[in-house]
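Trainee: Could you take me through one helix of this protein in detail, and show how it sits within the whole chain?

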Amino acid sequence: MAPQGSRAPLEFGGPLGAAALMLLLPATMFHLLLVARSGPARLLGPPPYLPEPKALWSPRALLLWLTWLGLQVALYLLPARKVAEGQELKDKSRLCYPINGFQALVLTALLVGLGVSAGLPLGALPEMLLPLAFMATLTAFIFSLLLYLKALIAPASALAPGGNSGNPIYDFFLGRELNPRICSFDFKYFCELRPGLIGWVLINLALLLQEAELRGSPSLAMCLVNGFQLLYVGDALWHEEAVLTTMDITHDGFGFMLAFGDLAWVPFTYSLQAQFLLYHPQPLELPMASVICLINAVGYYIFRGANSQKNSFRKNPSDPKVAGLETISTATGRQLLVSGWWGMVRHPNYLGDLIMALAWSLPCGMSHLLPYFYLIYFTALLVHREARDEQQCLQKYGLAWQEYCRRVPYRIMPYIY
Ligand SMILES: NC(=O)C1=CN([C@@H]2O[C@H](COP(=O)(O)OP(=O)(O)OC[C@H]3O[C@@H](n4cnc5c(N)ncnc54)[C@H](OP(=O)(O)O)[C@@H]3O)[C@@H](O)[C@H]2O)C=CC1
Ligand SMILES: CC(C)CCC[C@@H](C)[C@H]1CC=C2C3=C(CC[C@@]21C)[C@@]1(C)CC[C@H](O)C[C@@H]1CC3
């Protein structure tokens, strides 16, 4: 049995908050799936009906779900163009990660393309979203339980700083082991970027095909939502290595929160705008579409500019692209950027991400609140994430972080927040 980890302060409202989230998150996801296809599509009302067990449990959906996971595992195991090292661990070692996520996206697209041209009815996928979401949720629960048990025999150095409070509900939710692996297969890294993210754009595509089947051609609004979100997912996989420095990989254990978030929440709620558009077609004229494209482009420009600037700086501070930027030295030997994107606000990448989130909802018009769910949820997620990151940076950098906060007083939105 592994010894108890450090007594870090409890997050997410402690065990009660964790238990509430474990019920609330799946309930919200099923609510959204049901409401998106209902006539009134009311975000805040009761669901139109409660699904019977047979609408959730389907052997066909189970087979499809397992095939999907199997395919993504196989693509993960293919030879990678590069193998990257992760951040230094407690025991001073570093883990290796294959960088082949973009390759997995392209190969999935090729296989799906071949399948569709051979008669695979991808347009039937929207009808299976409910049972597929149920399979994904079930998988997240079972998987998190196995991960919790696996952590019981893990060495103390393999445990995450946060998910080892001794309270089983809290630890099950947050995750005990930092980088659970079998041989070189890293479960958290695999789940963070593959089945859910690629599944999300596949569901979007299926919704587009279904719309084309129903109405003769896909709507402009549906094409924009598909295009914007494909760009976002393609970008994440192209810059896959950057995920190795996120708090999910370096700080959080792998438990229910990330397993459910990665496998169920991302594909089935992030595709909400496309789900809404299939059942509630929205007129969109070219001038408005151009404005929305411009908003997405501005968001992407800030998001990518900020992320790339920080990544280049962290990789090599003397890189000519970032060498001229002003910095603050910290006691750890690392430096903090105080000019460029990171001198504007303390989380410019979140600002860009939020602007893109707005652009993803605008094609759905203003008649319903439902397609704006992502923007509302994402604002809450990023405000909370920013607060967690601040806490971790204050611990890491102490006075230098306080100086950074003084020089760059706004967190996400200049002059507002
Ligand atoms: N769509 C979605 O659901 C989600 C999207 N995201 C996106 O993922 C991306 C990654 O986000 P996330 O991992 O939260 O955080 P960041 O990429 O913003 O990383 C935060 C880290 O950056 C470093 N840092 C902070 N300030 C500076 C500075 N001034 N100079 C140099 N380094 C600095 C610190 O780490 P260190 O000093 O150790 O390098 C800090 O811990 C973002 O673009 C975000 O928008 C995130 C969550 C969910
Ligand atoms: C279910 C809960 C409310 C919380 C779940 C959180 C997860 C959905 C997110 C935690 C961090 C994420 C990141 C991404 C997707 C969402 C999750 C998994 C990205 C891969 C999205 C694309 C970006 O370019 C990188 C992101 C890293 C963090």
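Mentor: The radius of gyration is taken over C-alpha atoms, and the globule rule is 2.2 Å times the number of residues to the power 0.38. For the 417 residues here, a compact globule would have a radius of gyration near 22 Å, and the protein chain agrees because its own value is 22 Å. The model is predicted: local features need pLDDT of at least 70 and side-chain atom pairs pLDDT 80 or more, whereas totals for chains, interfaces and linings use all residues. Residues are numbered from 1 along each chain as written, and chains are lettered from A and ligands numbered from 1 in the order written.

The C-alpha trace of the protein chain extends about 60 × 55 × 45 Å along its principal axes. The protein chain contains 16 helices and six strands (DSSP runs numbered from the N terminus: H or I, at least four residues; E, at least two). Of its 417 residues, 38% are buried (20 or more other C-beta atoms, placed from the backbone, within 10 Å of their own; exposed means 12 or fewer, partly exposed in between). Among contacts (C-beta atoms within 7 Å) with a separation of 6 or more, 77% join residues 24 or more positions apart.

The part to examine closely is helix 4, which covers residues 101-117. From first C-alpha to last, the 17 residues of helix 4 reach 24 Å, close to the 24 Å expected at 1.5 Å a residue (1.5 Å times one less than the number of residues). Gly101, Ala104 and Leu105 are buried in helix 4. Viewed down the axis of helix 4, the buried residues lie within an arc of 100 degrees, so they line one face (the arc uses directions from the axis to the C-beta atoms). The face turned away from that buried side bears the exposed residues Leu110, Gly113, Leu114 and Ser117. After helix 4 comes Gly119, which has a positive phi near 105 degrees.

The buried residues of helix 4 have four packing partners: helix 3 (59-77), helix 7, helix 8 (195-215) and helix 9. Two of these names recur at a ligand. Ligand 2 is surrounded by 14 residues (C-beta atom within 6 Å of it), of which Ala236, Thr246, Asp248, Gly261 and Trp265 come nearest. Helix 7 (187-193), helix 9 (220-238) and helix 11 (256-269) each give two or more residues to this shell. With six residues, helix 11 gives the most. Thus helix 7 and helix 9 both pack against the buried residues of helix 4 and contribute to the shell around ligand 2.

How values were computed: Contact = placed C-beta atoms within 7 Å.
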